[in-house]
Amino acid sequence: MGRGPTGRRSTGHGPAPRASTERESTGLRTGRPARAAQYLALLAYLVFLAFPFVWLISTGFKPARELGSLHPSWIPEQPTLDNFRQAFDEQPLFQAAANSLTAAVGAAVIAVVIATPMAYVMARHRSRLATAATGWVVVSQAFPFVLVIIPLFLVLKNLHAINTLWGLVLVYVVWSLPFALWMLTGYVRAVPAELEEAAAVDGAGRVRTLVSVVAPLLAPGIVATVLFAFITAWNEFFFALVLLKTPEKQTLPVVLTHFLGAEGVADLGPLAAAAFLATLPSLVLFALIQRRITGGMAAGAVRS
């Protein structure tokens, strides 16, 4: 160690705090614009997503005179509920909503009940077969509906399930099962295996361990999977259009097409009002359990 110009010993560590301070200040200067850009991008994305819904609400409350205006406004000048009354008068929306609710809830619950033990086996017993099954699950989601509708129709015809809600539930279960299995596998992998080993030491069997130890920890993931399966079935249109024939058994997305005229001209006001009502269950359900969904998705991403 030498002496500096003032006679004090130089330890060789003097400039370091200044350099670190300069790096921190530089990081703050470069980090703030980047963070501001991220917030702006997020805001633009939110506006992009919210625009159709806001315009749908606005259209549902506009009178016929404003709907035909060449210069439409964002906010209805004379809001009215006539479109909602007309929608309920023209179409059986309550019956259609009940059909959609039955199909969506039944499909979501059954798919998750079947997928949970399957996901446990695939997550805990890794093998080439499990890897191949996971790959098939991902690939199967890319199949278009039109490839399976004819053989599916023939199978359901032999089962006497055409034009029945339980047949539609069966289709929704089969269609949503791969996605539910893929999601729940990631959540199971996030559960520490040490907890199962401790339960086995205490004398618990496989079924008891799955029900008492693993299932409670999977609750956020199960809730998230049920919600996604429910929304998929609630919004599904193609299978319901092909398989359901009588009006009293049709689901809400199919009934919404009845607001289109013979020449494809839409009855815009009642259609917007009915479509707005059709989106409410999904929004309310998501708002009620969004915290569980966020926690479940974060947990499932730990080891997936």
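This is a chat about one predicted protein model, its fold, its confidence and a few of its residues.

Student: Hi! What should I know about the model before I start?

Tutor: It is a predicted model, where local features need pLDDT of at least 70, side-chain atom pairs count only at pLDDT 80 or more, and totals for chains, interfaces and linings use all residues. Residues are numbered from 1 along each chain as its sequence is written, and side-chain values use heavy atoms, with hydrogens and water left out.

Student: Cool. How many helices and strands are in the protein chain?

Tutor: The protein chain has 14 helices and 0 strands. Helices (H or I, at least four residues) and strands (E, at least two) are DSSP runs, numbered from the N terminus.

Student: And what share of the residues is buried?

Tutor: Of the 304 residues, 32% are buried. Buried means under 20% relative accessible area, exposed over 50%, and partly exposed in between (1.4 Å probe, protein chains only).

Student: What about contacts between residues at least 6 apart in sequence: what percentage join residues at least 24 apart?

Tutor: That comes to 70%, with a contact meaning heavy atoms within 4.5 Å.

Student: Switching to confidence: what is the mean pLDDT of the chain?

Tutor: The mean is 79, and 81% of the residues reach 70 or more; pLDDT is the predictor's confidence in each residue, from 0 to 100. Among the elements, helix α12 (residues 252–256) has the highest mean, 91, and helix α14 (residues 290–300) the lowest, 54.

Student: Where does the pLDDT fall below 50?

Tutor: Residues 22–28 are below 50, and that stretch has 0 contacts in the model beyond near neighbours in sequence. Residues 296–304 are below 50 too, but this stretch has 15 contacts beyond near neighbours.

Student: OK, side chains now. Which residues form a salt bridge?

Tutor: Asp82 pairs with Arg85, their closest N and O atoms being 2.7 Å apart. The rule asks for a side-chain nitrogen of Lys or Arg within 4 Å of a carboxyl oxygen of Asp or Glu, and the count by this rule is 1.

Student: Why are those two separated by about one helical turn?

Tutor: Because Asp82 and Arg85 are 3 residues apart in helix α3 (residues 82–90). Asp82 is partly exposed at 44% relative accessible area, and Arg85 is partly exposed at 49%.

Student: Is Asn99 buried or exposed?

Tutor: Asn99 counts as buried, at 4% relative accessibility. It is found in helix α4 (residues 93–124), and its side chain reaches the backbone oxygen of Glu248 at 3.0 Å.

Student: What else does Asn99 contact?

Tutor: Leaving aside neighbours within four places in sequence, the contacts of Asn99 include Leu165, Lys249, Gln250 and Thr251.

Student: Any odd backbone angles?

Tutor: His160 has a positive phi of about 55 degrees although it is not a glycine. For context, most residues other than glycine have a negative phi. Asn163 also has a positive phi, near 60 degrees.

Student: Where is His160?

Tutor: His160 lies in the loop between α6 (145–158) and α7 (165–189), and Asn163 is in the loop between α6 and α7 as well. His160 is exposed, with a relative accessible area of 67%, whereas Asn163 is buried at 16%.

Conventions
Polar contact = N/O pair within 3.5 Å; in protein donor to acceptor, adjacent residues only side chain to side chain.
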